[in-house]
Amino acid sequence: MDALKGGGERLFNAVEAARRIGVGRNRIYTMLNAGEIPSVKVGKHFRIQADDLQAWMDEDKCLLRVEDVAQRLRIGLSKTYALINAHEIPSVLSAGRYRVSIKDLEAWIVAKTAESANDSD
């Protein structure tokens with residue numbers, strides 16, 4: 001892998017990747033160990049290529065748990081469920097649990113940010 005030799009693209013460690021997608025440390029390791037996110041192991045450590053992480057985030061099948069959404073938005077779990085139940089945050093029901101696509105969540109964040117900027121004018 002060229003990136004490991006210093007001449008390639010940016011590599012994220014697990015904690016950096018977790019911050020990028022808005023999940024916690026335990027969750028990122030669960031996802032990496034399950035092979036949900038493309039990665040390589042260097043010794044005992046996971047490394048994720050920036051392009052691979054972005055491509056994974058851009059996939060429609062990239063779904064976050066409600067807990068991950070709450071963490072990313074820095075709000076409580078009950079508030080997150082309230083937003084989902086009010087259909088403010090788009091979600092899908094998968095195996096009896098709500099999931100939110102990263103793309104939909106990012107679009108919702110952008111819309112809310114623009115809405116807040118317009119309200120302050």
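Good morning. I begin with glutamate 115, which forms a salt bridge with lysine 112, the closest N and O atoms being 3.5 Å apart. The structure under discussion is a predicted model. Both glutamate 115 and lysine 112 belong to helix α6, where they sit three residues apart, about one turn of the helix. Glutamate 115 is partly exposed at 42% relative accessible area, and lysine 112 is likewise partly exposed, at 27%. Elsewhere, Arg27, Arg65 and Asp68 are joined into one network by salt bridges that share partners.

The total for the model is six salt bridges. Another of them pairs the side chains of arginine 72 and glutamate 106, at 3.1 Å from N to O. Arginine 72 lies in helix α4 and glutamate 106 in helix α6, so this pair ties together parts that are 34 residues apart in sequence. Glutamate 106 is partly exposed, with a relative accessible area of 30%.

Arginine 72 also brings us to the largest pocket, since its lining includes Arg72, along with Gln71 and Arg74. The space in this pocket amounts to about 180 Å³. Which helix gives the largest share of the lining? That is α1, with three residues. Helices α1 and α4 each supply at least two lining residues. By class, the lining has four charged, three polar and three nonpolar residues.

I close with serine 101, located in strand β6, residues 97-101. Is serine 101 buried or exposed? Its relative accessible area is 8%, and because buried means under 20%, serine 101 counts as buried. The side chain of serine 101 reaches the backbone nitrogen of aspartate 104 at 2.9 Å. Thank you.

Definitions and conventions: Residues numbered from 1 in each chain as written. Predicted model: local features only at pLDDT ≥ 70, side-chain atom pairs only at ≥ 80, totals over all residues. Heavy atoms only, no water. Helix = DSSP H or I, 4+ residues; strand = E, 2+ residues; numbered from the N terminus. Buried < 20%, exposed > 50% of the residue type's maximum accessible area, 1.4 Å probe, protein only. Polar contact = N/O pair within 3.5 Å; in protein donor to acceptor, adjacent residues only side chain to side chain. 1 Å grid on protein atoms, 1.4 Å probe; cavity = no way out; pocket = protein on both sides within 12 Å on 5 of 7 lines; lining within 4 Å. Points joined across faces, edges and corners; volume = space filled by probe spheres on them. Nonpolar A, V, L, I, M, F, W, Y, C, P; charged D, E, K, R; others polar. Salt bridge = Lys/Arg side-chain N within 4 Å of Asp/Glu carboxyl O.
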